[in-house]
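Subject: The structure we talked about

Hi,

Here is the structure I promised to pass on. Have it open while you read, and I'll walk you through what turned up.

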Protein chains: 2
Amino acid sequence: MERLRSGLPDEAVVTDPDVTASYANDMASFCASGTPAVVVLPRTVEQVRHVMRTATELRVPVVPQGARTGLSGAANAGDGWIVLSLVKMDRVLAIDPVDRTAVVEPGVVNAVLSRAVAEHGLYYPPDPSSWEQCTIGGNIGTGSGGLCCVKYGVTAEYVLGLDVVLADGRLLRTGRRTAKGVAGYDLTRLIVGSEGSLGVVVRAVLALKPAPAGQLAVAAEFPSVRAACDAVCAIMARGHAPSLLELMDRTTIRAVNDLARMGLPETTEALLLAAYDTPDPAADLAALGELCTAAGATAVVPAEDAAESEMLLQARRLALTALERITGTTMIDDVAVPRSRLADMLDGVAAIADRHALVIGVCAHAGDGNTHPIVCFDPGDPEAVRHARESFDEIMALGLELGGTITGEHGVGVLKKEWLARELGPVGLELQRGIKAVFDPLGILNPGKVL
Amino acid sequence: MERLRSGLPDEAVVTDPDVTASYANDMASFCASGTPAVVVLPRTVEQVRHVMRTATELRVPVVPQGARTGLSGAANAGDGWIVLSLVKMDRVLAIDPVDRTAVVEPGVVNAVLSRAVAEHGLYYPPDPSSWEQCTIGGNIGTGSGGLCCVKYGVTAEYVLGLDVVLADGRLLRTGRRTAKGVAGYDLTRLIVGSEGSLGVVVRAVLALKPAPAGQLAVAAEFPSVRAACDAVCAIMARGHAPSLLELMDRTTIRAVNDLARMGLPETTEALLLAAYDTPDPAADLAALGELCTAAGATAVVPAEDAAESEMLLQARRLALTALERITGTTMIDDVAVPRSRLADMLDGVAAIADRHALVIGVCAHAGDGNTHPIVCFDPGDPEAVRHARESFDEIMALGLELGGTITGEHGVGVLKKEWLARELGPVGLELQRGIKAVFDPLGILNPGKVL
């Protein structure tokens, strides 16, 4: 502690156990965490370097943290670890409309950046549901997605360059400020999604898009999940480029209504939400609506205006919170499949729910084939817990069987470590371990995560 | 040779020195190459694995090759090496309009794939000037760009998953077939742009876009390169999304006219070519044209139709060939700078040309800030050669000084190896070497390239 304090201002070092305990974990269920020895809240790159030099010297594990909204336990601390919280490094350093770039510190909240760039007519697309809380550093760590990814892609596609403090305190500058660049191996992309296990991101150069026109949404009701998936396939096969394309099943619709009285149609089996942010969204939505009707939609209801559109999105964003209220606890899965297999995936999830007599609500970034089956269970009932865990695993097994991945956007953390080995296979796993050893030979950076 | 032949059909092994000599190098100037011992032309993954197992066993260096249209010497062979040419593995294995993916072997020619997916209403954007010759495997190896990248991005953004034969013959499957995925470190992206130094790509899952509407182009004439660059900045700052935005200087314009009698305006100092592939390209081009006029354009001439648009693009694609005719030899640089520094970059290049009394033609993917200064010189004149090399280096130094990169899309190869060390710095370089050692501990895969 003495060594740590020697390079940090007093207020950056927190040891009060009541406070440090609150930094022990992120929002994942079923992920063990320990009692950190100290929480450090640096404000400068030099302070981060000091923390890592000290950690290396004394062989103390470090877990870098953002807002701890993650869902895989990647930000969980172990006993005696240093929590390195980057939330105080929260400055937007530059926004450039000509280069369409922003330079930010890792603790900038996603929504804060989004609003800051909007003032320059620019747009930072990645929009996880937690965008009002989560930080850019955390988004980079987990490779976050969001609703808009079906059109705009995920966090990785917006990270041009990074400053990264390595395990031993050295500073790596990687990537670029330019639109293009192929100088050497892509270390920048390697850091994205590495969940703080390769280095600590202290600065990021992000690519921005021009702000699109306002978004207009439509809701389409389907008599079955499969029919809704058929519509998704038709929409994508016909070259549509909606700015979101989301699916909610009946369980989720009802839960959202119960929570927020949104007035979603409860008699329908599946709801598809789509939006366009093109110059003429109404015309594009009309064409998309026709494909929904052809696939069996019983109703296609366009939003009247931007406000009503935003309400539909809000309903979707509430899904997880709403489902949590059913039984008190949930496990949220994050399996992505080729979108042509989306219907098979969701039918399979329904069969798994039946087999385990569990409620599993489904919402999905349907246009991306990225499903979030949400297993609801009573944490006080050991049988229910066992069934929940089993069904969670069966969902991942099904995803892999359908040519998918165990995680579309939430990451591996501790929650899916064993499953990662299954997805990667022995050759991939060995190479990943080799890379980890190159960056962190002592294994002090977020040990036991990802690999 | 016996060991090699034991796992390969006769016709896959070429040892005739006249033939093997023709596989010694790519299209880069000033890059040494040696005499390969043998050229292997496998048709199956198993044959590639056999080659790599043999090479590992006998410690023989291997250079993977596509169409050898590269411009950095990355595909050059050394004395006694095995050339592993992937051009016979040229099948398009699958095209899926719902998933918007293609699965291809590495030897598929870029233009062949582009036409194949177009039949399904799809679009594979990356379009290097050599697209009628170059292969997808080569594009992945170098991380190729092209004209359309200002709107659609580079090769890296279209590679979802890869099958890679490692140095010791093991098969790595990395990445995904899904739209999203964050399972583990991004080995896929690490392979892209690694110039055959980490593994041999034998299969790729590529992302596709819906086919855009036909492209309409405009040519704008400027009294100075700086005025053209100002127009580029205004266009990008105002949120325009042209499907190409190219700049040619006077030297290049004249060379193209000399070669192909294109009738480009010779009295102008700089020509900006822009195109739109939106539903109403004429309207979008009109708005863009106004920004050109405001920046000082003396004429803004829209193409009459798609055919005339294609002719303008053709003029741009001829630039390198045209400039080569001036003095017989060229060195093409590939420096990318933040687009806000484009004018400074091009003014600097003009000053370097003056100082060395050399002709340096410039064409640029201006919208990306990616410049191709093309140094023309008489290879028989040692003084000219010295000046050419010096100016080539000064251009890279200037690019780095302006916050740019030594290579936007051509790669490092042998041509820019020393410069890569300068761009990366010691920390980045050490990590890159560590990664190389993880993939290729014996150093038999394209040794001496990149790093």
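Let's start in a loop: B:Gly184 sits between β9 (171-175) and α7 (187-191) of chain B. One thing to keep in mind throughout is that this is a predicted model. Is B:Gly184 buried or exposed? Its relative accessibility is 9%, and buried means under 20%, so B:Gly184 counts as buried. Now look at what touches this glycine. Once neighbours within four places in sequence are set aside, B:Gly184 is in contact with A:Val412, A:Leu420, A:Gln432 and A:Val450. Within chain B, you can also find B:Thr174, which is 10 residues from B:Gly184 in sequence and 9.9 Å away in space, going from C-alpha to C-alpha.

That brings us to how the two chains go together. Two copies of a chain are related by a rotation about an axis and a shift along it. Here, a turn of 180° with a shift of 0.0 Å along the axis lays chain A on chain B, with an RMSD of 0.0 Å. This is the relation of a two-fold axis. The copies also meet through the same surface, because 100% of the interface residues of chain A are interface residues in chain B too.

You can see a nice piece of this with helix α15 (residues 417-439), taken once from chain A and once from chain B. Two packed helices are described by the angle between their axes and the distance between the axes. For α15(A) and α15(B), the angle is about 150° and the axes are 9 Å apart. Angles over 145 degrees count as roughly antiparallel, so that is the label for α15(A) and α15(B). The crossing of α15(A) past α15(B) is right-handed. Which residues meet there? From α15(A) they are A:Leu431, A:Gly434, A:Ile435, A:Val438 and A:Phe439, and from α15(B) they are B:Leu431, B:Gly434, B:Ile435, B:Val438 and B:Phe439. By class, the contact of α15(A) with α15(B) has eight nonpolar residues, two polar ones and no charged ones.

Next, two helix pairs inside chain B. Helix α13 (residues 342-356) and helix α14 (residues 382-401) pack at about 160°, with 10 Å between their axes. That makes α13(B) and α14(B) roughly antiparallel to each other, and α13(B) passes α14(B) in a right-handed crossing. Among the residues making this contact are B:Met345, B:Val349 and B:Ile352 of α13(B), along with B:Glu390, B:Glu394 and B:Leu398 of α14(B). The contact of α13(B) with α14(B) is made up of five nonpolar, five polar and four charged residues.

The other pair is helix α9 (residues 250-260) and helix α12 (residues 319-327) of chain B, whose axes come within 8 Å and cross at roughly 85°. α9(B) and α12(B) are therefore roughly perpendicular to each other. The residues in contact include B:Thr252, B:Ala255 and B:Val256 of α9(B), and B:Ala322, B:Leu323 and B:Ile326 of α12(B). The contact of α9(B) with α12(B) divides into seven nonpolar, three polar and two charged residues.

Stay with α9(B) for a moment. Its buried residues are B:Thr252, B:Ile253, B:Ala255, B:Val256 and B:Asn257. What covers them includes β13 (244-249), β14 (270-276), α11 (306-317), α12 and β17 (359-365) of chain B. Just after α9(B), B:Arg261 has a positive phi of about 45°. In chain A, A:Arg261 likewise takes a positive phi of about 45° just after α9(A).

Finally, two buried residues to click on. A:Cys376 is in strand β18 (residues 370-377) of chain A, and with a relative accessible area of 2%, A:Cys376 is buried. Not counting residues up to four places away in sequence, A:Cys376 touches A:Leu323, A:Ile326, A:Thr327, A:Thr329, A:Thr330, A:Leu358 and A:Val359. The second is B:Asn110, found in helix α4 (residues 110-118) of chain B. B:Asn110 is at 0% relative accessibility and counts as buried. Leaving aside neighbours within four places in sequence, its contacts include B:Tyr124, B:Pro126, B:Trp131 and B:Asn139.

Have fun exploring!

How values were computed: Residues numbered from 1 in each chain as written. Chains lettered and ligands numbered in written order. Predicted model: local features only at pLDDT ≥ 70, side-chain atom pairs only at ≥ 80, totals over all residues. Heavy atoms only, no water. Axes fitted to C-alpha atoms, helices over the stretch in contact; angles between N-to-C directions. Helix = DSSP H or I, 4+ residues; strand = E, 2+ residues; numbered from the N terminus. Parallel < 35°, antiparallel > 145°, perpendicular 65-115°, else oblique. Left-handed = near helix turned anticlockwise from the far one by under 90°. Contact = heavy atoms within 4.5 Å. Nonpolar A, V, L, I, M, F, W, Y, C, P; charged D, E, K, R; others polar. Buried < 20%, exposed > 50% of the residue type's maximum accessible area, 1.4 Å probe, protein only. Least-squares fit on C-alpha atoms with pLDDT ≥ 70 in both.
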